[in-house]
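Please look over the structure shown here before reading on. The paragraphs that follow take up a sheet, then a charged pair, and finally the contact between chains.

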Amino acid sequence: MTDTAEPTAPPTTRQRQAAKIAEAASGPIGWTLLKILLLAIVDAIALYAAYVLFTHQEWLVLGIVVVVAALVNWIYFSRKRVPAKYLTPGIIFLVVFQVFTLLYTGYIGFTNYGTGHNGTKEQAISSLLASAQERVEDSPTYPVTVVEQFGTYGLLVTDPDTGDALLGTADQPLTEVDAEFAGGQAVGVDGWTTLPIAKVFTLSAELEKLSVPFSDDPNDGSLRAPDGQKGYLYVSTLAYDADADTITDTKNGTVYSDLGTGAFTSEDGEELLPGWQTTVGFDNFVRAISDQSIRGPLISVTVWTFVFALVSVASTFFLGLLLALVFNNTRMRFRNGYRIILILPYAFPAFLSALVWAGMMNESFGFINQVLFGGAEIPWLTDPVLAKVSVLLVNLWLGFPYMFLVCMGALQGIPSDVNEAAVMDGANPWQIFRRIKLPLLLVTVAPLLISSFAFNFNNFNLIYMLTNGGPRFDDVSIPVGHTDILISMVYKVAFTGQNRDYGLASAFTILIFIVVATISIISFRKTKALEELN
Amino acid sequence: MSTDTVVSRRGRRSFGAWFADTGWRHLVAIVVSVFALFPLLYVLSASLNPRGTLTGSNQLFSAIGFDSYLRILSDPQAPYGLWFLNTLIIAAITGAATVFLGALAAYAFSRMRFTGRRVGLVTIVVVQMFPQLLAVVAIFLLMSTLGDWFPAIGLNTHTGLILVYLGGALGVNTYLMYGFFNTLPIELDEAARIDGAGHARIFFTMILPLVAPILAVVALLSFIGTVNEYVIASVMLVDVDKQTLVVGLTKLVANPRYADWSAFSAGAVMAAVPVMILFLFLQKYIVGGLTAGATKG
């Protein structure tokens, strides 16, 4: 890299020195220093990450971090592997946030992850036992002092039988501590701040929720002090039997056992919630296909998604092409002015457009009904059919400028001698367009039409912000509506409504994935065929 | 329209010729211009209207004032300034980093020949066909787990959101840049190599300045894409103060009937005008970039 130029005359010592200094100042050494600095930063971050993962005992992730860090160092210190040096940064992001999340989506699709099933079994058991707690009628009264440490509240309890001081928090069961006593009651402990009574009164909402486990065994119950002064023992009406792996309701004797469905279930099928996360095989897919209240909306949403994407691409393309042909006339005045006006909808941020149109299309107050239709109450966004028409209309407004620009570009790219030759041969304008210009145009535009289809297939923002998927379907168990497309349905199943069902949403995602994959493979082949024309 | 006056001035015959040639084009252009413009005029008029409601915004330009601009800028429920700043920071960093990562990859694909090059190029484009928002559940769960270990990049952080967006840095953008890089003659690289420049030096000091137009286009497209991104931002950014414009403004007019419509319009105008100016400036390059990238395999 460095010693390519042979000196023509032997240089003097001073010249050689000067050359060395110059090279050190500008040449490879600067780059090397920068490289070492950047790698040092990467390694420092990796080291920190490894340390944190070590404290969390996440061995698998820790291993991956170490291997990746080692790989990065190896790549950048080596003199070869130049392509890898340029590809690694982007690929790391791609693998973590695209490939991994796609694979992880696949996994979640086979679990019951969602509201009521989002933790481990142990968490579910302790949460169940904690939620069913009732005050023990004849329990003794425990004198309590509220203490605080770094924003965590704890109860400092004096055992009425032994007089010992016990300290516990919501996460930490009561344990014996050395405390200061006043009048037989523990009032302070090292490392914790004793809260004054006045402050305790202001915390009543938090203290009501504060439940300190009595011991490691959740069956022992917990201590609560709603007023911050007197504590009582609360014991769960549910009892967990670790050997039989069952939960028994001590009030009526019902036994709930683990049937592998991610929740304790009684003999007559009643589930105790929260349950826990577990793999459920193809349950989500079976549910999507067999459950009438899900299958119905799934089918109509799928059909509408295709209709929406196809009609959107077709309508924007034809309007755009028409306009491009109209404007493809050099004698036309004010052409650039029109052009800029027509581009404006494309330049306006799309989410804002959708929100503005939603306001204009409001049934009783919107501009369109009030002004353009003289006060008519046309349900643009609330009637199933009209809402679909409105969505397509707004998307036409959003999309035609792009197609217009693209078609203009493509038309200008067609050499004029093609046109002249056709005229010489006696072709009329329509024939020239149909037989010559359109095929040539399509070669350029076809890939863009496909990507436009893919974009609209997942055009979440428009649907969500214009109609929010509405109007809602009747008699369905998931919160979707007539104008929802697949992607907005996934979002709603996962993140809105009372029950978040990550498992079902991911199962839908996998179905979409299969559809999109099929389309892209087919279109890839088609565009290859078109390119060969060129 | 103006056609009648033209008729009387020029006489039927010349008008017929004029209309057949360019006159009808103006007619189409005017109709479509009205269609294109009226929502934009409506939002501009609503933003200048001091009255807040949807109904009050229906009389176009009946009242003009900047009350609603002041309202949206001072409403503590809707910290517009913060949203704007958040959006600007997130979109600018994402745009810059996307360009950098994409350009690195595009350089490797365009200038170097290595095993897996063709497969890599195709894979990147195919993976990108599946939008990130498809995996939003997994992203949410991943970021919530990461946040337990490293709170600085977990849910409700801008850094975390930017990292997620950078997952899409390779892909269509790389493909666009790859097409542009290919148009630079390889002799340039060879000449520089003979002069003793290493690959890094060639890339940073020679290639990057030469491909500046496509870098600007990709940066702008990525910037606009990030500004418009709702799904992941809404799932990841919980606190009102952390949110971006798209999340905040959408919540603000969740029910347009009761919303402060002119304040929203003022916010929309302020958010859109800079983007639109930038866009109109760069539109020639954008179209050029899109069509060039699409046709060059």
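Which strands of chain A does helix α5 (residues 121–131) lie across, and at what angle does the helix run to β12(A)? In this predicted model, helix α5 of chain A lies across β12, β13 (246–249), β14, β15 and β16 of chain A, and its direction makes an angle of about 150 degrees with β12(A). These strands make up an open sheet of five, in the order β12-β13-β14-β15-β16, with antiparallel pairing. The edges are taken by β12 (238–241) and β16 (271–272) of chain A, each of which has a single partner strand, so one side of each is left without a neighbour in the sheet.

The middle of the sheet can be followed residue by residue. Strands β13(A) and β14(A) run antiparallel and are joined by three bridges, and in the hairpin that they form, with five residues between the strands, A:Gly253 takes a positive phi near 80 degrees. From there, strand β14 (residues 255–258) of chain A pairs with strand β15 (residues 264–265) of chain A, in the antiparallel sense and over two bridges. This hairpin has five residues between its strands, and A:Gly260 in the turn has a positive phi of about 85 degrees. A:Ser257 in β14(A) is the bridge partner of A:Thr246, and A:Ser257 is also bridged to A:Thr265 in β15(A), while A:Asp258 has A:Phe264 in β15(A) as its bridge partner.

Away from the sheet, there are four salt bridges over all chains. One is formed by A:Asp501 and A:Arg287, whose closest N and O atoms are 2.8 Å apart. Because A:Asp501 lies in the loop between α17 (486–495) and α18 (502–533) of chain A, and A:Arg287 in helix α8 (residues 283–290) of chain A, the pair ties together parts that are 214 residues apart in sequence.

What, then, do chain A and chain B bury between them? The two chains bury about 8,900 Å², with 79% of it on carbon and sulfur atoms, and the contact takes 97 residues from chain A and 96 residues from chain B. A:Tyr86, A:Phe97 and A:Phe365 supply 9% of the area that chain A buries against chain B, more than any other three residues. Helix α4 (residues 82–108) of chain A gives the largest share of the side that touches chain B, with 19 residues, and the residues of that side divide into 71 nonpolar, 19 polar and seven charged. Between chain A and chain B the count of salt bridges is zero, whereas 12 residue pairs are found in polar contact across the interface.

Note on methods
Residues are numbered from 1 along each chain as its sequence is written. Chains are lettered from A and ligands numbered from 1 in the order in which they are written. This is a predicted model: local features need pLDDT of at least 70, side-chain atom pairs count only at pLDDT 80 or more; totals for chains, interfaces and linings use all residues. Side-chain values use heavy atoms; hydrogens and water are left out. Contact means heavy atoms within 4.5 Å. Buried area is the accessible area (1.4 Å probe) that two parts lose on being put together, summed over both. A salt bridge is a side-chain nitrogen of Lys or Arg within 4 Å of a carboxyl oxygen of Asp or Glu. A polar contact is a pair of N or O atoms within 3.5 Å; within protein, one must be able to donate a hydrogen and the other to accept it, and residues adjacent in sequence count only if both atoms are side-chain atoms. Helices (H or I, at least four residues) and strands (E, at least two) are DSSP runs, numbered from the N terminus. Ala, Val, Leu, Ile, Met, Phe, Trp, Tyr, Cys and Pro count as nonpolar, Asp, Glu, Lys and Arg as charged, and the others, Gly among them, as polar. Two strands pair if DSSP finds at least two bridges between them. Axes are lines fitted to C-alpha atoms, for helices over the stretch in contact, and angles run from 0 to 180 degrees between N-to-C directions.
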